[in-house]
Structure formats: C-alpha cells, structure tokens
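Here are a few notes to go with your first look at this model. Have the sequence and the 3D view open while you read.

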Amino acid sequence: MAISRKDEARFLGKDEAALVEKSHHPDITSVDDKELSSTIKLIRERRDRAREIGQRQRREMRGKAKPQGAKAAGDNAGTKQKMAVLAQALKRLNSEQTRRQQLSARNATASGMKRAMELKAAASAPKRPSSKTADKGMKAKPSKKNEQITDPREVGRVSQQIKKAQAKKDK
C-alpha cells in the first residue's frame, strides 16, 4: 500500500524526511550516481535500525525483554510505519540505480557495435577474381600408385594367344 508524502513526513524525522524526499520522482533524476549510492547506504542503515527497534519493542510488549526506556513499549505501530516508509524509499532508489546501470550498459553495447561497424567498413575488401571464370586453381598432386605399362586387357589377350599357339604346335 502506498503511503502519501504527508504521512511519510509524519513518521520520519527531519533528516530522514530529507533523505526519503530524494527518492521521489522529480528529485531522483537530478541526483548523481555517487550521491545516489550514498543515499541508498544511509536509508538502508536507517531502515535496519528501525527494524531492530521494532523487534525490540515487540519483545518488550510480550515481556521477553527488559524495557530500554523508563517504561516498556506498549505499541510499535509507528516504528512499523517508519520501517515501511524507509523500505519503500530504498526500493525506489534501488530500482533507479538498476535503471541507470542498464542504461549505461545499453549505451556501451551500442557504442561497441558502432565501433565494430566502423572497423568493418574501414577494412579493405577481400581480393576477388575480376571475372566469373576460374583461375588456375589447385596444383595437381602426383599419385603414389605404380604406373601400369600396358592395359591389363592386352596382357590377357596376348597370354591367351600364346596358349593357343603352343597347343597347335604340340598337336
């Protein structure tokens, strides 16, 4: 549930209200990154302190802890509201910090892509043939197989002829 700025001011002290005011929309865009980080740190510390006080007050109300002040805490509703206000402010600041980081990452990627395109355009074009005909191409690699002197069919024909001639002679 959203808490109005008027209620925020009621639950917070002056210094905390000034910190939380920086987390609202028009003011959050004018804060630089370094100040944003320090504001996040301060609000986180204040939220954690409010959480601890709320836990202590709950223990005092149940009778589990001794009272810190003159009398035991009877209610911790104000502390709960203060913690809720600080938690919402912290959430706004964290989302703004994330948005800025994503924006800077996007800009870095875009500038890297532009640089790559410039380098690609500046690179010399690869050498290509001036016509569509093939060049000399690859060199032939000599075969390591033994070279045949005659056709194997010729060898068979001649040996058959010799057999026939010998058979005639033997008759």
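1. A term before we start: a residue is called buried here when its relative accessible area is under 20%. By that cut-off, buried residues come to 18% of the 171 in the chain. Keep in mind that this is a predicted model.

2. What is the chain built from? Six helices and zero strands, so read from the N terminus the order is simply α-α-α-α-α-α. The radius of gyration is 45 Å, well over the 16 Å that the globule rule gives for 171 residues, so the chain is more spread out than a compact globule. Along the principal axes, the C-alpha atoms fill a box of roughly 145 × 50 × 25 Å.

3. Now for contacts. Taking those in the chain with a separation of 6 or more, 66% are between residues 24 or more positions apart.

4. On the outside, the chain exposes about 14,600 Å², and carbon and sulfur atoms supply 54% of that area. Charge is worth a glance too: there are 44 positive and 21 negative side chains, with the centres of the two sets 9 Å apart.

5. Have a look at H5, which covers residues 77-122. Its 46 residues reach 67 Å from first C-alpha to last, close to the 68 Å expected at 1.5 Å a residue. Its buried residues are Thr-79, Val-85, Leu-86, Ala-89, Leu-90, Leu-93, Glu-96 and Arg-100. What do they pack against? Helices H1 (5-11), H2 (14-21), H3 (25-28) and H4 (33-62).

6. H4 has 30 residues, which should span 44 Å at 1.5 Å a residue, and its end C-alpha atoms are indeed 44 Å apart. Buried in H4 are Leu-36, Thr-39, Ile-40, Ile-43, Arg-47, Ala-50, Gly-54, Gln-57 and Glu-60. A reminder for reading such lists: an α-helix has 3.6 residues a turn, so residues three or four places apart point the same way. The cover over the buried residues of H4 includes H2, H3 and H5.

7. Just after H4 comes Gly-63, with a positive phi near 85°.

8. Finally, check Asn-76, in the loop between H4 and H5. Is Asn-76 buried or exposed? Its relative accessibility is 5%, so Asn-76 counts as buried. Setting aside neighbours within four places in sequence, Asn-76 is in contact with Gly-54, Gln-57, Arg-58 and Met-61. Of these, Gly-54 and Gln-57 also appear among the buried residues of H4.

Technical notes
Residues numbered from 1 in each chain as written. Predicted model: local features only at pLDDT ≥ 70, side-chain atom pairs only at ≥ 80, totals over all residues. Heavy atoms only, no water. Helix = DSSP H or I, 4+ residues; strand = E, 2+ residues; numbered from the N terminus. Rg over C-alpha atoms; globule rule 2.2 N^0.38 Å. Buried < 20%, exposed > 50% of the residue type's maximum accessible area, 1.4 Å probe, protein only. Contact = heavy atoms within 4.5 Å. Areas by Shrake-Rupley, 256 points an atom, 1.4 Å probe, with all protein chains shown as cover. Lys, Arg positive; Asp, Glu negative; His and termini not counted. Charge placed at Lys NZ, Arg CZ, Asp CG, Glu CD. Expected span 1.5 Å × (residues − 1).
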